[in-house]
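The following note sets out numbered remarks on the model for a colleague's consideration. Each point treats one topic.

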Amino acid sequence: MILDLLRLLLFPMLMAFAACSDLLTMTISNRVSLLLIAGFLVLALASGMGLTEIGLHVAAGATVLAIAFTCFALGWIGGGDAKVAAATALWLGFDFLTPYLATAAVFGGVLTMLLLAFRHFPLPYMFSGQQWLLRLHHPESGVPYGIALAAGALMIYPETPWIKAVDLGRFIVG
């Protein structure tokens with residue numbers, strides 16, 4: 001039961017927290033990535049995942065980390081985004097990596113277009129005291145891409161073995 005609850009809640013909650021944090025502060029704490037990594041290791045071992053499969057998941061995370069940090073070095077994404085993308089790849093493995101990256105890219109494109117439109121119009125006076133909105137509205141500010149990374153991950157996660165292994169009958173009342 002606890003293992004099922006962890007499969008259902010841990011990854012989605014951490015991704016939602018990363019998205020909210022990026023929206024409100026334009027940063028994602030290293031703790032989120034570290035918790036994603038620790039959570040994966042605990043659940044992988046508790047679920048009986050073999051060392052070969054764990055190694056493949058680690059390889060997926062390392063691959064995304066290398067690519068994401070190249071993007072970070074070029075100034076295309078933030079460091080928190082790079083780390084969260086890699087930790088997400090650790091959870092999803094190579095089997096779900098392409099759908100995740102494609103979905104996150106689509107969400108990122110939509111987010112960027114919406115943000116550009118938002119910045120095109122003046123911020124209503126009643127919101128002028130909200131620092132996070134001022135930061136988001138500022139034309140020189142970046143895009144909180146952690147939102148797109150989290151949205152992409154949350155779209156793909158229900159299809160993964162993590163959720164497929166959950167006995168949802170335990171949670172249905174009635």
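1. Surface. The accessible surface of the chain amounts to about 9700 Å², and carbon and sulfur atoms account for 73% of that area. These values, like those below, are computed from a predicted model. Of the 174 residues in the chain, 38% are buried.

2. Overall dimensions. Along the principal axes, the C-alpha atoms occupy a box of roughly 55 × 45 × 25 Å. The radius of gyration is 17 Å, which agrees with the value near 16 Å that a compact globule of 174 residues would have.

3. Secondary structure. The chain contains eight helices and zero strands. Its pattern along the sequence is accordingly written α-α-α-α-α-α-α-α. As for how the chain is connected in space, 73% of the contacts between residues at least 6 apart in sequence join residues that are at least 24 apart.

4. Nonpolar core. The largest nonpolar core comprises 34 residues. Which of them touch the most other members? They are Phe11, Met15, Leu36, Phe40, Trp91, Tyr100 and Trp162. At least two core residues come from each of helix H1 (2-25), helix H2 (30-46), helix H3 (51-73), helix H4 (79-92), helix H5 (97-120), helix H7 (146-156) and helix H8 (161-164). The greatest contribution is that of H4, which supplies eight residues.

5. Surroundings of Met15. Leaving aside residues up to four places away in sequence, Met15 touches Leu36, Val84 and Thr88, together with Leu149, Ala150, Ala153 and Leu154. Of these partners, Leu36 is itself listed among the core residues that touch the most other members.

6. Salt bridge in helix H1. The count of salt bridges is two. One of them joins the side chains of Asp4 and Arg7, with an N to O distance of 3.0 Å. Asp4 and Arg7 stand three residues apart in helix H1, so about one helical turn separates them. Is this pair buried or exposed? Both Asp4 and Arg7 are buried.

7. Salt bridge between Glu159 and Lys164. Here the closest N and O atoms are 3.7 Å apart. Glu159 has a relative accessibility of 48% and therefore counts as partly exposed. Lys164, with a relative accessible area of 57%, is exposed. The reader may wish to set this pair beside Asp4 and Arg7, which are both buried.

8. Cysteines. How many disulfides does the model contain? The count is zero. A disulfide is a covalent bond between the sulfur atoms of two cysteines. Cys20 has a relative accessible area of 45% and is partly exposed. Cys71 is buried, its relative accessible area being 19%. The cut-off for a buried residue is under 20%, so the value of 19% places Cys71 in that class.

9. An exposed leucine. Leu45 belongs to helix H2, a helix that also supplies at least two residues of the largest nonpolar core. Is Leu45 buried or exposed? At a relative accessible area of 58%, Leu45 is exposed, because the exposed class begins over 50%. Between Leu45 and Ile2 there are 14 Å in space, C-alpha to C-alpha, and the two are 43 residues apart in sequence.

How values were computed: Residues are numbered from 1 along each chain as its sequence is written. This is a predicted model: local features need pLDDT of at least 70, side-chain atom pairs count only at pLDDT 80 or more; totals for chains, interfaces and linings use all residues. Side-chain values use heavy atoms; hydrogens and water are left out. A nonpolar core is a set of buried Ala, Val, Leu, Ile, Met, Phe, Trp, Tyr and Cys residues joined through side-chain atoms within 4.5 Å. Buried means under 20% relative accessible area, exposed over 50%, partly exposed in between (1.4 Å probe, protein chains only). Helices (H or I, at least four residues) and strands (E, at least two) are DSSP runs, numbered from the N terminus. Contact means heavy atoms within 4.5 Å. A salt bridge is a side-chain nitrogen of Lys or Arg within 4 Å of a carboxyl oxygen of Asp or Glu. A disulfide is a pair of cysteine sulfur atoms within 2.5 Å. The radius of gyration is taken over C-alpha atoms; the globule rule is 2.2 Å times the number of residues to the power 0.38. Accessible areas come from the Shrake-Rupley method with a 1.4 Å probe; for residues, only the protein chains shown count as cover.
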